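Here is a short tour of a protein chain for anyone who likes to check geometry against numbers. Have a look at the model first, and then we can walk through its helices and its core.

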Amino acid sequence: RDVIGQAKGILMERFQISAAAAFAMLRRLSQESNTKLAHIAEKLIRLERAGGASGQAPFGCQCRNVSC
């Protein structure tokens, strides 16, 4: 669960969104890719540590309106 919290924090900081909106984004990515949410979170953290693409939605997500 700590991994999911870290990923939410990354999204919250990057997109200036609430914790609920960040979780909704992670949940939508998980459902659309049929990938466990924890795996999505781990990948997001790895990308961030590697100097991820700031200002871009993760994994090509079109969730600019983060009410996913």
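The expected span of a helix is 1.5 Å times one less than its number of residues. Helices here are DSSP runs (H or I, at least four residues), strands are E runs of at least two, and both are numbered from the N terminus. This is a predicted model, in which local features need pLDDT of at least 70 and side-chain atom pairs count only at pLDDT 80 or more, while totals for chains, interfaces and linings use all residues. Residues are numbered from 1 along each chain as its sequence is written, and side-chain values use heavy atoms, with hydrogens and water left out.

The protein chain has three helices and zero strands, in the order α-α-α from the N terminus. Two of these helices can be set side by side:

| Helix | Number of residues | Expected span | Distance between end C-alpha atoms |
|---|---|---|---|
| H1 | 14 residues | 20 Å | 20 Å |
| H3 | 13 residues | 18 Å | 19 Å |

Let us start with H1, residues 2–15, where the end-to-end distance agrees with the expected span. Its buried residues (under 20% relative accessible area with a 1.4 Å probe, protein chains only; exposed means over 50%, partly exposed in between) are Ile4, Ala7, Ile10, Leu11, Arg14 and Phe15. Seen down the axis of H1, they fall within an arc of 120 degrees (taken from the directions from the helix axis to the C-beta atoms), so they line one face of the helix. Asp2 and Glu13 are exposed on the other side of H1. The buried residues of H1 pack against H2 (19–33) and H3 (37–49), with contact meaning heavy atoms within 4.5 Å. Just after H1, Gln16 has a positive phi of about 55 degrees.

Now for H3. Leu37, Ile40, Ala41, Leu44 and Ile45 are buried in this helix. They fall within an arc of 135 degrees seen down the axis of H3, so they too line one face. Arg46 and Arg49 are exposed on the face turned away from the buried side of H3. The buried residues of H3 pack against H1 and H2. Just after H3, Gly51 takes a positive phi of about 90 degrees.

Which residues touch the most other members of the largest nonpolar core? In this set of buried Ala, Val, Leu, Ile, Met, Phe, Trp, Tyr and Cys residues joined through side-chain atoms within 4.5 Å, they are Leu11, Ile17, Leu26 and Leu44, out of 16 residues. H1, H2 and H3 are the elements that give two or more residues to this core.
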